[in-house]
Amino acid sequence: MPVSGLGPYDDANIFAKILRGEIPSRLVYEDGWAFAFHDIAPQAPVHVLVIPRGRYVSLADFSASASNEEIVGFFRAVGVVARELGLEEPGYRAVANIGAHGGQEVPHFHVHLFGGEALSGRMVNPRVG
Ligand code: AMP
């Protein structure tokens, strides 16, 4: 059961549609565990979303319910994406918004990768900073 307070997984959410190829996205990376694409409303010069292929509403749900293989596969993919985008050396920010207080809008777990310039020192999503 989801533990995020977002309710059960909704197969009609926009990232589920992207995963199924029903709506387009600007693909950055994909493997058996993860799918990465450019955010449609970038908040930094590089703003990429990395999502698991599995049906998890949030980080809370993913961490509680995903298999060890899914968790390892997903987080290794997050690192690969950042490396392949050239973000690792200058540095970047990884953010997961969870639930209402976290400002999560899309109920499919995703990690935001922000980079391409020195970011605000605040530990928040630049959009709401
Ligand atoms: P969050 O508020 O953490 O749920 O973030 C959702 C993110 O999804 C926002 O940064 C949106 O700009 C982004 N987004 C929404 N629809 C799309 C889409 N069709 N393609 C790419 N990014 C999207």
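The following exercises, each with a worked solution, concern the predicted model shown above.

In this predicted model, local features need pLDDT of at least 70 and side-chain atom pairs count only at pLDDT 80 or more, while totals for chains, interfaces and linings use all residues. Residues are numbered from 1 along each chain as its sequence is written, and side-chain values use heavy atoms, with hydrogens and water left out.

**Exercise 1. State how many helices and strands the protein has, and give their order.**

Step 1. Helices (H or I, at least four residues) and strands (E, at least two) are DSSP runs, numbered from the N terminus.
Step 2. The protein has four helices and five strands.
Step 3. Read from the N terminus, the order is α-β-β-β-α-α-β-α-β.
Step 4. The radius of gyration, taken over C-alpha atoms, is to be set against the globule rule, 2.2 Å times the number of residues to the power 0.38. The value for the protein is 14 Å, close to the 14 Å that the rule gives for 129 residues, so the protein is as compact as a globular protein of that length.

**Exercise 2. Determine what share of the residues is buried and what share of the contacts joins residues 24 or more positions apart.**

Step 1. Buried means under 20% relative accessible area, exposed over 50%, and partly exposed in between (1.4 Å probe, protein chains only).
Step 2. Buried residues form 40% of the 129 residues.
Step 3. A contact means heavy atoms within 4.5 Å. Of the contacts with a separation of 6 or more, 56% are between residues 24 or more positions apart.

**Exercise 3. Find how many salt bridges the structure holds, and describe the pairs formed by Arg55 and by Glu30.**

Step 1. A salt bridge is a side-chain nitrogen of Lys or Arg within 4 Å of a carboxyl oxygen of Asp or Glu.
Step 2. Searching the whole structure gives four salt bridges.
Step 3. One of them joins Arg55 to Asp11, at 2.9 Å from N to O. This pair links distant parts of the chain, 44 residues apart: Arg55 lies in the loop between strand 3 (46-52) and helix 2 (59-65), and Asp11 in the segment before helix 1 (14-19).
Step 4. Arg55 is partly exposed, at 48% relative accessibility, and Asp11 is partly exposed at 36%.
Step 5. Glu30 pairs with Arg53, their closest N and O atoms being 2.7 Å apart. Here too distant parts of the chain are linked, with Glu30 in strand 1 (residues 27-30) and Arg53 in the loop between strand 3 and helix 2, 23 residues apart.
Step 6. Glu30 has 43% relative accessibility and counts as partly exposed; Arg53, at 33%, is likewise partly exposed.
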